[in-house]
Every structure is written in C-alpha cells, then in structure tokens.
Amino acid sequence: MDKPWLSRYPSDVPETIDPDQYQSLVEMFELSVKKYAEQPAFINMGTVMTFQKLEERSRAFAAYLQHDLKLKKGDRVALMMPNLLQYPVALFGILRAGLVAVNVNPLYTPRELEHQLKDAHIETIVIVSNFANTLEKIVANTPVKHVILTSLGQMLPRAKGTLVDFVVKYVKRLVPKYHLPGAISMRQTIRKGRRLPYVQPKLSGDDIAFLQYTGGTTGVAKGAILTHRNMVANVLQAKGAYGPVLREGQELVVTALPLYHVFALSVNCLLFIEMGGSNLLITNPRDIPGFIKELDKHDVTAITGVNTLFNALVCNEDFHTLDLTHLKLSVGGGMAVQRAVADKWKKITGIHLLEGYGLTECSPLVAGNPYDLTDYSGAIGFPVPSTEARLVNEQGEVVGHNEVGELQVRGPQVMQGYWRRPNATREVLTDDGWLSTGDIVRFDDNGMMYIVDRKKDMILVSGFNVYPNEIEDVVALHHKVLEVAAIGQTHEVSGEVVKVYVVARDNSLTKEELITHCREHLTGYKVPKIVEFRDELPKTNVGKILRRVLREENEQQQKNA
C-alpha cells in the first residue's frame, strides 16, 4: 500500500529513524547525563534534580540492586509510585542494572496488584509508603522477597521532606498503617549503593526494558514485552515528529500524566532525557488549583496530557491569567481530544492541542497530528516516522484508503508479544510484524487517519483502558447478582464512564450497595458510575450476552434524552 501521508509530513520531519542509533536506553541515558550534567532533569515540589544528580543516584541504586540484592540481568522489578523524584532514580537504576522495569499503578486494589506481581514473577518492588498497606494485604501470596520503601518527601531537602511527610501522614492521613517486616528505605539503598561498585551490563536492543501491563484484546491484564530497541525507536519517532519545534537542552515539559503510564514514560521522561530537557513532575494533577500555582512558577515550553486534564485547566479561571508565552507544544493522548477543549486551549494559549494516538503494544506512539497543524482536525494524524499503517476488513484483506477497516501497524516500536502468553500474542501480531490495534479507522486522501469505532469492547475512561470482562467478574462476585454486562457510556469530562446492566438475584439489591462492593475490588476509574437493573439481558442463541445491543440501545437513549 502506498504512503500518502509522507507528502503531508512537514519538511523537517524525517520519513524514517534509526532504531539502532543507541544500543539501549542505558546508552542513551548515559550519553545525555554526561552531555547535560548541570542542567535540571526533574523538578518536583520546588526541588531540582540535575542530570548529574540523577546519574549519581541511579548508579548507586543500580549497584545496590546488583550487589546487595544480587539481582541478575533480566530479573523483573516493580515500580509503584506517583510522579516523584524517586521515580526516575529507581527507573534508571533498574535499567542500568540490566533489569526489567514493571510499572504498577499505585491506585491498584490488592486483587489487581496481586495478579501483576504473580504474573511477572516479581521478587523486588519499589513502593511509596502511601500504598504499602495494599501490598501488605497480598504480599504473602506473591513471589516478592524484597520491598524498597520510600515516602513522598524522601528525596526533597531534609527539612522540607520531613515537613511534607509529617503533613501527608499525620495531617492529611494519607498513609494507612502497614506492616512490612524486612522492608528497606530507598534512601538507605542509595547510601549503601554509593559504596558498592556499579557493573555496567552488556545490553542489546533485543533485551527487555519493560513489561508494560495492558488488557490487550481481553480483560486479562497482560505484560507487553517492550525491548530497549522498541523504546529507543519510539523516543526517536516522537523526536522526529515533534523535535523540529524543540531545542535540545532548553525545554521544560509539564508531566502531569503519571510516569507509570506508557505515554508519559516515553514522550515525557525518555524523550526529554534524550533531548536534555527538564520534566516538571506534578504529583497530584487532580489538585487543579495547586497544579496551576506550580505552572505559574515556571516558563513551561511543552505539556502533554489527556483531554480530561486539558478540560479541567481551561475551565479554571486562574489558568486564563497564566503567562504561557513560552509554550510551544501541547500534545493530547490516551483518549480523543474534543473540539470544544481544543478550541478553548487554542484561544487561551495561542497554540494548537495536537492529538496523538498510540497503544501500550506500540511503546506507545503510532501517529500524531503534525506540529504545523492550522486547525482542529478531529483526526489521530499521520503515522510517525518508520511506521507503516494499513486497514483490513473482517476477512483480514487489505482495503483501500476510501474504505473503513481495522487499523494494523508495523514498525520498530511494536512489542515482541505478551509475556508468557503465546496464544494471545498470535491473536494480535502476525508473523511479518503487523499488529492489529482493534480500532476501526478511515484514511482521508492525504493519509490522515480518523477513528470511526473500536472493534474491541474496551472502555476508555480519562485515557485509561477499562475492560468489561474485569468489571463483570467483580460485579458477579456479589451474591445478589445473577447476570451482568458492562459497557462504556459517553461522558463530557472523562470521555466515557462505566455503565453496568444487572439482572438481580435478589430484588433488594441497590445501586449504592453494588457500587460500594465494586470500590472494594476496583481502582476508582473502573468503578461503575451508572447501574441499570433489568429483568433479562440480550443474548445470542448460545447464551452469550450481546454488549453490542446494549451499547446501541444506550446510544439511542442518549440521543433521545
């Protein structure tokens, strides 16, 4: 198939990148920390960590993992914390030790955490104390042997850090009591590591860098195997697409999306490390007034986020008073950017909000709107450099640009497969490297891509994937539930919310009772917001519940409302 989008690339965007420019993320990192040693790398809660400090601390942490814990190349280490200075220290320490980083959402329930720790066979976890209580509940059921604990204030200057930890623990009461005997402080690991020799591992592009968990095509969370070459490629693809508007060593990107989310990990953390830029880490982006106060202290030049975040900002009057004259790049991903939000953003900031598209299985960036966009497009843009895209029909046959089909992509950023799940891998990845995305797409004459629908039943809440199977399994655990089906319902703020249809076994079951039950087993964004009780659910002749029929009925109800 031809590539009509290449003619629409801005003239300074390359058609291809060299995914072997760096042998590994570690080589890329070590070249950058040497080149930009005195530059700020990460800023959090008013504290600056330079590239040199990041190098020293991550090297010490790597040495501790290698010698004190005796971890071997390829061992998996879980990382469970929000955006703090400790995150990049631990992340690059893990990678520099030749280990595999496994990002974990800190908001996971014990059930969700247990599954991931067991599936990846995690023996070491780095976790912030706010969530240690969750780990305590299930740690005995997992392979975990080593727990490295940190606190929100641990990497801030001593006096400030002590105050932050006191307020968080005793005033705001955000650290539930926990008992994890044998846990070691992250501060202590770095102190010990400084006295130990760091041994640089031999890494190639084929070595695994991340197991990044996703629901993939079903509700069972699976680890997407992302190699060093996958991640290096995606960093260079993002640089190819957006680099022409960025200056090496001079940018400050706002990182409000959590770094454990693959979008922020690749486009913020890794790209701006490669370019010598600074990351302004926002630990709690839900605190919009606090977030805006932080923005007011800095001359930010780039920002990434989801539509929900941008909407919250443009709806806050204080945001309108900020001096954003240095801002040159705004990228929305994780969910569709809505026209109303994009228009408000352009009016306030003077620059376009560019929608990008990706998925965990692609490290994640696949496509994006060109940086020289002159108006809101409603599209997911063009494939990034070195990425092929095609559409296939239900028979798997390639169709033309004027037709609609499932988007398949191929490129150096495409994962190697799902961790220890060969059957699931074969379902989405062909022998010649084409990945089925599950999104139904059309191309316009210039090769611009537009999402028409999602093939999968996946629900997208504020940029996070929610899988109906998981929701249904939890709801069905309630003893008063006979049958359940989960769908996504359009929502103006979060994109979608979870709606469940329930056939009750006991008519005394209430919506409130069911939601309380779900909150005990699911992360907040997965908890159903709408519950509709029915006498029966639509089914096929073999008894399979038809979510599609429920979605269509629900869409019609919304139109008629």
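In the predicted model, helix H10 (residues 288-295) packs against helix H11 (residues 307-314) at an angle of about 80 degrees, and the two axes lie 10 Å apart. H10 is thus roughly perpendicular to H11. Ile288, Phe291 and Ile292 supply the H10 side of the contact, and Leu309, Ala312 and Leu313 supply the H11 side. By class, six of these residues are nonpolar, with no polar and no charged residues in the contact of H10 with H11.

Helix H2 takes part in two further helix pairs. Against helix H7 (residues 186-193), H2 (residues 51-68) packs at an angle of about 85 degrees, with the axes 7 Å apart. H2 and H7 are therefore roughly perpendicular to each other. From H2, the contact draws on Arg57, Ala60, Phe61, Ala63, Tyr64 and Asp68. From H7, Met186, Thr189, Ile190, Lys192 and Gly193 take part. The residues joining H2 to H7 comprise six nonpolar, two polar and three charged.

Thr189 illustrates the H7 side of this contact. Thr189 belongs to helix H7. The residue is buried, because its relative accessibility is 0% and the cut-off for burial is under 20%. Beyond its neighbours within four places in sequence, Thr189 contacts Ala60, Phe61, Tyr64, Ile148 and Ile184. Among the H2 residues that meet H7 are Ala60, Phe61 and Tyr64.

The second partner of H2 is helix H3 (residues 86-96). Here the axes come within 7 Å and cross at roughly 55 degrees. An angle of 65 to 115 degrees would count as roughly perpendicular; H2 and H3 are therefore oblique to each other. Their crossing is right-handed. On the H2 side, the contact involves Leu54, Glu55, Arg57, Ser58, Arg59, Phe61, Ala62, Leu65 and Gln66. On the H3 side, Pro88, Val89, Ala90, Phe92, Gly93, Ile94 and Arg96 take part. This contact of H2 with H3 contains nine nonpolar, three polar and four charged residues. Arg57 and Phe61 of H2 appear in the contact with H7 and also in the contact with H3.

H3 itself is mostly covered, with eleven of its eleven residues buried. The buried residues of H3 include Gln86 and Tyr87, as well as Leu91 and Leu95. Arg96 of H3 is buried too. After H3 comes Gly98, which has a positive phi near 80 degrees.

Two residues other than glycine also show a positive phi. Most residues other than glycine have a negative phi, and most peptide bonds are trans. Arg173 departs from this pattern, with a positive phi of about 55 degrees although it is not a glycine. Arg173 sits in the loop between helix H6 (158-171) and strand E7 (184-185). Arg173 is exposed, because its relative accessible area is 68% and the cut-off for exposure is over 50%.

Ser363 likewise is not a glycine and has a positive phi, of about 70 degrees. This serine is placed in the loop between strands E14 and E15. Ser363 is buried, at 0% relative accessibility. The peptide bond that runs from Ser363 to Pro364 is cis, with omega near 0 degrees. Pro364 is located in the loop between E14 and strand E15 (365-368).

Gly358 contacts this loop. Gly358 is part of strand E14 (residues 353-358). Its relative accessibility is 37%, so Gly358 counts as partly exposed. With residues up to four places away in sequence set aside, Gly358 touches Pro364, Leu365 and Val366. Gly358 and Gly368 are ten residues apart in sequence, and their C-alpha atoms are 8.6 Å apart in space.

Cysteine pairing was also examined. A disulfide requires two cysteine sulfur atoms within 2.5 Å, and by this rule the count is zero disulfides. Cys269 is in no disulfide, and the nearest cysteine sulfur, that of Cys362, is 20 Å away. Cys269 is buried, with a relative accessible area of 0%. Cys518 is buried as well, at a relative accessible area of 1%.

Key:
Residues numbered from 1 in each chain as written. Predicted model: local features only at pLDDT ≥ 70, side-chain atom pairs only at ≥ 80, totals over all residues. Heavy atoms only, no water. Buried < 20%, exposed > 50% of the residue type's maximum accessible area, 1.4 Å probe, protein only. Axes fitted to C-alpha atoms, helices over the stretch in contact; angles between N-to-C directions. Helix = DSSP H or I, 4+ residues; strand = E, 2+ residues; numbered from the N terminus. Parallel < 35°, antiparallel > 145°, perpendicular 65-115°, else oblique. Contact = heavy atoms within 4.5 Å. Nonpolar A, V, L, I, M, F, W, Y, C, P; charged D, E, K, R; others polar. Left-handed = near helix turned anticlockwise from the far one by under 90°.
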